[in-house]
Every structure is written in C-alpha cells, then in structure tokens.
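Biologist: I would like to learn how to read a model such as this one, feature by feature. Please show me the structure before we start.

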Amino acid sequence: MTEEVNTTGWDAIEEEVTKLYGEQEPKHYGTAIPYMLGGQDPLDGLSAYKAESPFPHWHIVTFGFSELYEKESENPDYSGYGFELTFRVARSKDEEEPPAWALNLLQNMGRYVFNSGNIFASGDYLDANGPICLGADTQLTALAFIPDPELDTLYTPNGRVEFLQMVGITEDELEAMKTWNTRGLLEAGKAELPGYITDLSRNTILQVPAVQESVQIGIDRDGSSTGFLYVDQLAWEPGKNGLFSKQPSVLILGAKQAGTVGMLLRGRLLKGKDLILMSNELRVTLELASTTGIEIDEHNVQLKLDEAVVNELMYKLLPKEGEIHLSSYKNLKLQVVKTHIKDQDGNVVSTIG
C-alpha cells in the first residue's frame, strides 16, 4: 500500500491560478531529481499559462519557495520562504512554449534564495550584472519585485504565501529605484509597462519625459527608501596623527557602488536618513550631523557628516577610479577602485571605473 502524499501547498497555488485561467492546461515543467537529492533545479515545478491581456504573454508561476507538502519549517505564520514568484514574459503570436531563458532565470532565483537564505519581498530589486537573458541584445540587466496584481495572498495550512511578480528592468531604472523606491518608479511608468510584462526588446521608461519628471518629483519629495546597501568592495584605513605627519582616514569603495552612494547621499542624508554600507567584514554608517567626525569600533565605522561635506561628496563621488580629497574635511579621503563585473563562470565581462 503506497503512502498518500500531502499536496496541500501545491493544491492551494493551483487553485488560486485556476481562478484566473479556468480550465486552461498550463505548460508544466517539473523537476526530475529533487534538489536535496543532488538535482540541479531547486524549484519543484514551473507552470506557464497563456495570458492575453493587456497583450499576449506567458504568466509563469513557481512551485517550491513555499512548502508544497508537509509543514516542515518552524515559523507557523509563513509557508517556507513565504512567497512564490511569478514572471510575465511577452509572447509572440505563434509561440507554443515559454522561453527557456525565463524558466532558467526562475530556477536561478531559486538557487540564489536556497543557497544564500536571502528572501525577496515587495519593493526589492536585484542587479543581474548583465542581460537577464544571457547573450541577448537587451537593456534589461536587473529585476524588481512587486505583488502580482492578479493573484491574491494565500493562507494555507502550511502558512502564508504571497505571489511576487518579477519584472525585468534597465540599469538606469535600477538606479532610479535606489535613489527613490521600486513601487514609485513602476507606478510612474505603468503606462509604458502594461501589466509589468517583461519584454526583452523594450527601451528604458526613463526616456519618456513625463516618467522622468514624475521620478524627479518623487525623489525630491520622498528621498530614497534605500537605507542599506550591500557593497562587495568596501574597506577602511584609519588615519594617523604622527608628530611630523598627519594622514587622513581612507574609505575605499568600488566604482560601481561609488556612483550609487553619491546619488543616495541626497535622498538619504539630506532628508535626515542614515545610509548603511555593508560588506562581509565591515559596516559603514553615514549620517548627517552638525559637525563632521569619525567614530570607530571593531567592525563598524560611523561617519558623521555635516551638510558641506555631504554636498561635496555628492558631486565628487562618481563611478571613476581615483582619489577624492575633501576641501570641507581634511581628515577623510575616499579611494575609488575599479569594479570588475563577472559572469556566472567568474569571467570578467566588463569593468567600471
């Protein structure tokens, strides 16, 4: 006698998607060997539905970030990681299978979450450091995450599951999200991005004057929601006060992050909000203060910066290799080093700075 498998979580997802697509039989892509038994794909399955509105696209839904079978995680409120991803990808008229790159990308998201333990939430963004479809001639090099507008949050016996829609975005859209916020930018560009469908051939929405104006107004009004920036290249060299020589402290940053930090200073510090830069070894907190000063303990550096220093940094911090000397504060120097962008195999594909 075979033991019956509990598929409560899986059934709840299918039931919710069926409300949208009725009897449509999706293209389903299951996993032959489970990830925990050495399989390559962490997600148990992907289902792709043909959707027609606002224009033809594939609506792909993941199975595997939440608990599909028995409840195993300790948190009673959430099922597994508490979400499943959806991805809407433009579909041509005669297309009968969803594009392989989109299915691979979703499995890559699974690898990222399962291996790092980092989970996605509404408003998050992720830099892919290259085309989201490897080898494609596309401007889409990053991803944003928002609630799927057509799938409601589930409350299953295993806990809560939210459907997060992944949206392909361009490099300048990503920078605008960092300096403002994800929802604000996507809302400003919703006429240009109907249904937030990912279309590899599209141009940036920031070339549309009305969108550009909305974003600028939003940044001026709200500042930035990015209070925390994970930085690969981040180091600190304390200054020296010798009898005959005085050396300033040095903050070392990668060129890719330097440009971002320069833009964030306005949306964070000048709005009275801190900005935290974090690497595996170091945490640097930048905050607005009436007088500039530096406080240090073992793995933390606190930079209290007055308005004159913030304004000078805003204009001098650019994605360009070199040393930045501050006329408004002599005890701090910034060194910007080249950032090498690597592909999945570790090969350098481009250099910034």
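Biologist: How many residues lie between strand 16 and strand 17 in the hairpin they form?

Modeller: Keep in mind that this is a predicted model. To read a hairpin, look at the pair of strands and at what joins them. Here two residues lie between strand 16 and strand 17. The two strands run antiparallel and are joined by five bridges. One place to check is Glu 295, which stands opposite Gln 302 of strand 17.

Biologist: In which sense do strand 15 and strand 17 pair?

Modeller: Strand 15 and strand 17 pair in the parallel sense, over six bridges. Here Thr 285 is the residue that stands opposite Gln 302. Gln 302 therefore serves as a reference point for both pairings, with Glu 295 opposite it in one and Thr 285 in the other, under the rule that two strands pair if DSSP finds at least two bridges between them.

Biologist: Which side chains of strand 17 point to the buried face?

Modeller: Read a strand residue by residue and note the face each side chain points to. In strand 17 the side chains alternate. Val 301, Leu 303 and Leu 305 point to one face and are buried. Asn 300, Gln 302 and Lys 304 point to the other face and are not buried.

Biologist: Which residues make up the covered face of strand 10?

Modeller: Leu 234 and Trp 236 form the covered face of strand 10, while Ala 235 and Glu 237 form the uncovered one. Strand 10 runs antiparallel to strand 13, with four bridges between them. Leu 234, from the covered face, stands opposite Leu 253 in strand 13.

Biologist: Which members of the largest nonpolar core touch the most other members?

Modeller: For a core, list the members, then ask which elements supply them. This core has 31 residues, and Leu 265, Leu 277, Val 284, Leu 303 and Leu 317 touch the most other members. Among the elements that give two or more residues to the core are strand 10, strand 13, helix 6, strand 15, strand 17, helix 7 (307-316) and strand 19 (332-337). Helix 6 gives the most, with five residues. There is also a second, separate core of 26 residues, which includes Leu 46, Ala 48, Trp 101 and Leu 143.

Biologist: Why is helix 6 described as largely enclosed by the rest of the structure?

Modeller: Helix 6 is largely enclosed because 11 of its 13 residues are buried. The buried residues include Lys 256, Gln 257 and Thr 260 as well as Val 261, Leu 264 and Leu 265.

Biologist: What does Leu 317 touch?

Modeller: Setting aside residues up to four places away in sequence, Leu 317 touches Leu 253, Ala 258, Gly 259, Val 261, Gly 262, Leu 265, Ile 324, Leu 334 and Val 336. Of these, Ala 258, Gly 259, Val 261, Gly 262 and Leu 265 are among the buried residues of helix 6.

Biologist: How many cavities of 30 Å³ or more does the structure hold?

Modeller: The structure holds one, with a volume of about 50 Å³. With a cavity, look at the lining as well as the volume. Its lining has 10 nonpolar, no polar and no charged residues. Among the lining residues are Leu 253, Val 261, Leu 303, Leu 313, Leu 317 and Leu 334. Strand 13, strand 17 and strand 19 are the elements that give two or more residues to the lining.

Biologist: Is Leu 326 buried or exposed?

Modeller: Leu 326 is buried, since its relative accessible area is 3% and the cut-off is under 20%. Leu 326 is found in the loop between strand 18 (322-325) and strand 19. Its contacts, beyond residues up to four places away, are Val 309, Glu 312, Leu 313, Leu 332 and Leu 334. The C-alpha atoms of Leu 326 and Leu 313 are 7.8 Å apart, with the two residues 13 apart along the chain.

Biologist: Where is Glu 67 placed?

Modeller: Glu 67 is in the loop between strand 3 (57-63) and strand 4 (78-90). Glu 67 is buried, with a relative accessible area of 11%. Beyond its neighbours within four places in sequence, Glu 67 is in contact with Gly 9, Glu 72, Ser 73, Tyr 78, Ser 79, Gly 80 and Asn 158.

Conventions:
Residues are numbered from 1 along each chain as its sequence is written. This is a predicted model: local features need pLDDT of at least 70, side-chain atom pairs count only at pLDDT 80 or more; totals for chains, interfaces and linings use all residues. Side-chain values use heavy atoms; hydrogens and water are left out. A nonpolar core is a set of buried Ala, Val, Leu, Ile, Met, Phe, Trp, Tyr and Cys residues joined through side-chain atoms within 4.5 Å. Buried means under 20% relative accessible area, exposed over 50%, partly exposed in between (1.4 Å probe, protein chains only). Contact means heavy atoms within 4.5 Å. On a 1 Å grid over the protein atoms alone, a cavity is a set of points where a 1.4 Å probe fits but cannot get out, and a pocket is an open set with protein on both sides within 12 Å along at least five of seven lines; lining residues have an atom within 4 Å of a point. Grid points are joined across faces, edges and corners, and a volume is the space filled by probe spheres set on the points. Ala, Val, Leu, Ile, Met, Phe, Trp, Tyr, Cys and Pro count as nonpolar, Asp, Glu, Lys and Arg as charged, and the others, Gly among them, as polar.
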